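User: I would like a close look at the salt bridges in this structure, together with the helices that carry them. Please set them in the context of the chain as a whole.

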Amino acid sequence: MQVLVRDNNVDQALRVLKKKMQREGVFREMKQRKCYEKPSERKNREKAEAIRRARKLARKKAQREGLIPMPKKKPMDDKRGGRPGFGGDRGGTGGVDRARPPRF
C-alpha cells in the first residue's frame, strides 16, 4: 500500500492511509487475529457474514427493480455538509439560534 505525501503534509497522508486500510479491512483483520478463534466460531462468523452479504445484495437488487423504496437521503441544512441539526459550533443548540426568533 502506498500513499504520497504532498507538501510535507504528513497529517493528510496519515488520514489517506487510514482510510485505505479501513477500506481494505486491515483493522478488522487485526482485531480478529488479536486472540485465538475456535474453528467452530470462525465457521459461524463466516456463515453470518455470507448471509449478511447475500441479504445486502438482495436488498440492493430489489431497490433497483423498484420492489422496495430507495433509502431517503438526509437533508443537509448545514452549509459545511455536516450532520443535519447539529450545527457544527458544538454549542448544543441543535443548529437553532435561540437568541433570535425565527424570521419567516
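Analyst: The account below begins with the chain as a whole, turns to the salt bridges, and ends with other local features.

This is a predicted model. The mean pLDDT of the chain is 83, and 73% of its residues reach 70 or more. Among the helices, mean confidence runs from 91 in α2 (residues 26–33), the lowest, to 95 in α3 (residues 39–65), the highest. The chain contains three helices and zero strands, in the order α-α-α along the sequence. Of its 104 residues, 6% are buried. Among contacts with a separation of 6 or more, residues 24 or more positions apart account for 0%. The chain exposes about 10700 Å², and carbon and sulfur atoms supply 53% of that area.

Against this background, the search of the whole structure finds four salt bridges. Side chains of opposite charge can pair when their charged atoms come close.

One of the salt bridges belongs to helix α2, where the side chains of E29 and R33 meet. The N to O distance in this pair is 2.8 Å. Because E29 and R33 are four residues apart in the helix, about one helical turn separates them. Their accessibility can be stated for each partner: E29 is partly exposed, with a relative accessible area of 38%, while R33 is exposed, at 64%.

Helix α3 holds a pair with a similar arrangement in sequence. R42 and E46 both lie in α3, four residues apart, or about one turn of the helix. Their side chains form a salt bridge with an N to O distance of 3.2 Å. R42 is partly exposed, with a relative accessible area of 46%, and E46 is also partly exposed, at 36%. A further set of salt bridges shares partners, and these join E37, R45 and E49 into one network. Within that network, the closest N and O atoms of E37 and R45 are 2.8 Å apart. E37 counts as partly exposed, at 25% relative accessibility, and R45 falls in the partly exposed class at 23%.

The helix α3 itself has 27 residues and spans 39 Å from its first C-alpha to its last, close to the 39 Å expected at 1.5 Å a residue. After α3 comes G66, whose phi is positive, near 85°. Toward the end of the sequence range of this helix, Q63 lies in α3. Q63 has a relative accessible area of 14%, and therefore counts as buried, since the cut-off for that class is under 20%. Leaving aside residues up to four places away in sequence, Q63 touches I68, P69, M70 and P71.

The other end of the chain supplies two further backbone details. D7 lies in the segment before α1, as does N8. The phi of D7 is near 55°, a positive value in a residue other than glycine, and N8 likewise has a positive phi near 55°. D7 is exposed, at 77% relative accessibility, and N8 is exposed, at 73%.

A nonpolar patch completes the picture. V5, V10 and L14 make a nonpolar surface patch of about 250 Å². L14, which is placed in helix α1 (residues 10–24), is partly exposed, with a relative accessible area of 44%.

Definitions and conventions:
Residues numbered from 1 in each chain as written. Predicted model: local features only at pLDDT ≥ 70, side-chain atom pairs only at ≥ 80, totals over all residues. Heavy atoms only, no water. Patch = residues over 30% accessible without salt bridge, like charges linked within 9 Å, V, L, I, M, F, W, Y side chains within 5 Å. Areas by Shrake-Rupley, 256 points an atom, 1.4 Å probe, with all protein chains shown as cover. Helix = DSSP H or I, 4+ residues; strand = E, 2+ residues; numbered from the N terminus. Buried < 20%, exposed > 50% of the residue type's maximum accessible area, 1.4 Å probe, protein only. pLDDT = per-residue confidence, 0-100. Contact = heavy atoms within 4.5 Å. Expected span 1.5 Å × (residues − 1).
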